[in-house]
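Work through these short exercises with the model open beside you. Try each task before you read its solution.

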Amino acid sequence: MPMTYWKVRPYVLTAGRTRTRRPLLVHTLVSVPYYDAVFASGLLPETRTLYEQARGSARSVAELSAVCGMSLGVTRVVVDDLAATDRLLIHTDHDNVDFRLLERLRDGLRKLA
Amino acid sequence: MRIMASAYQMGSHLEAVEADEQNPDRLERLYRIDHANTRIRRHAENLQVLLGRRVEDANPQTVTLVDVVRAASSAVEHYARIRVGHVVDLAVVEFAADDVIRVLTELLDNATRFSPPTAPVIVSAFITEDGSVLLRIEDAGVGLQPDHLSQLNALLNGRLVTPATLDPAAHLGLAVVAHLAVARQLRVALTNRPSGGATATVLVPGALLCEIPTAAAPAGAPVPPAWPSPSAGIPSPSPGGGAHPWSTPMAAPHDSTNSPTVPLSTLPGPATAQQPAGSLPQRVPTSVRDQSAATTRPPADPGAGSPPEAWPDETAAFAAGVSDARTTSDEGQQR
């Protein structure tokens, strides 16, 4: 896991920002719509790792935070910045939630309980 | 000295709290506290420098130039205006990294302080013909008066300037820069740009530079640090007890200064040899898996239901199954 040098404080990675334009939960999925190697090479190390990690399949914000060695608060802002320039696609929560599957899962769990 | 120690402590506490904080408002306030604390640390370190003492670095390590720039920005009051331009992919060696960061901090502080509050300050790093690196800080301020400029450059070159016009208290930061520049043989210069604004340059000699250690590369692959230690269970052919012949090739590719792997591989064997046998094959690379399956089985392994001869085949099959499962689904249950 790439670790940022300890003297690089987290606020520097986001220029002090903590808010995001869109709500980003820990389980919000993001993915790279089209991978641009030139764009990636111009990114800062953590951002580049994040961009490359989200390239294969959709990854959750929490997952990316762990893989990139950034705290959740920083990851959110970085993801949000990339999404603002359409480099990263944020999947809205209802896109891939199968309610019938969840209901069946809930019923199954109730039976077990 | 004590202030520094407290600031270090506070920094690590803050880091832990920041990592857990989910609320943006509270996180922002934490960032402000962290920022103030980082500046306290910077000033405490600068006092040490001005007193002619060495600032002791608790954990010296090779730092990439990008991180040097960002670490320097961390301690600057108006850090949000600093933009990182093109920075060459090199690192500063461990014994000089902290000093380069301090020099850059003071120059960035000057640049942000003496330029319009909305204008960005751009910092970049280029490699030069003779292998040194030129750090460049460009601001959009009004520049400096010519006579003042020459005085400051004389100060930065280590010459003793004590004219009445140069107030020592107003140039504490540059005094720190001058001190460190002489100690580390950095060439620091301030220039005015005809188009407006000033540029500060730091020439970092090639002797203080190195390639970025490979362990810091964004590989993301899990390293098998704890694995060589169960060698205690093997009938070891090595004469010395400590260094096992094939524990060193595993640890060697990782940078020795990035120490996390080193203490782990020198852990006392019995501590990890008591792990449940099933957890071992998980992080063994394919190239050595068969070898490990053939040799790491101590005959007196607890819970050996089958005869010892059957063990290698079973573990090899198990390891193969695990790696198959991993390749097919990342999130699937592994066991």
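**Exercise 1.** Which residue in E5(B) is the bridge partner of B:Ile127?

*Solution.* The model is predicted, so treat each step as a reading of a prediction. Start with the strands: E4 (residues 121–127) of chain B and E5(B) run antiparallel, joined by 6 bridges. Now find the partner. B:Ile127 pairs with B:Val133. Then look at the turn. The hairpin has 5 residues between E4(B) and E5(B), and B:Gly131 there has a positive phi of about 90°.

**Exercise 2.** Which side chains of E5 (residues 133–138) of chain B point to the buried face?

*Solution.* Walk along the strand, since its side chains alternate. B:Val133, B:Leu135 and B:Ile137 point to one face and are buried. B:Leu134, B:Arg136 and B:Glu138 point to the other face and are not buried.

**Exercise 3.** Trace the pairing of E7(B) with E5(B) and E6(B).

*Solution.* Take E5(B) to begin. E5(B) and E7(B) are antiparallel, with 6 bridges. B:Glu138 stands opposite B:Thr199 in E7(B). Next comes E6 (residues 187–192) of chain B. It pairs with E7 (residues 198–204) of chain B, antiparallel, over 6 bridges. Here B:Val188 faces B:Val202. In this hairpin, with 5 residues between the strands, B:Gly196 takes a positive phi near 110°.

**Exercise 4.** How many residues does each chain give to the contact?

*Solution.* Chain B gives 25 residues and chain A gives 22. On the chain B side, H2(B) supplies the largest share, 7 residues. Sort that side by class: 13 nonpolar, 6 polar and 6 charged residues.

How values were computed
Residues numbered from 1 in each chain as written. Chains lettered and ligands numbered in written order. Predicted model: local features only at pLDDT ≥ 70, side-chain atom pairs only at ≥ 80, totals over all residues. Pairing = 2+ DSSP bridges. Helix = DSSP H or I, 4+ residues; strand = E, 2+ residues; numbered from the N terminus. Contact = placed C-beta atoms within 7 Å. Nonpolar A, V, L, I, M, F, W, Y, C, P; charged D, E, K, R; others polar. Buried ≥ 20, exposed ≤ 12 C-beta atoms within 10 Å, placed from the backbone.
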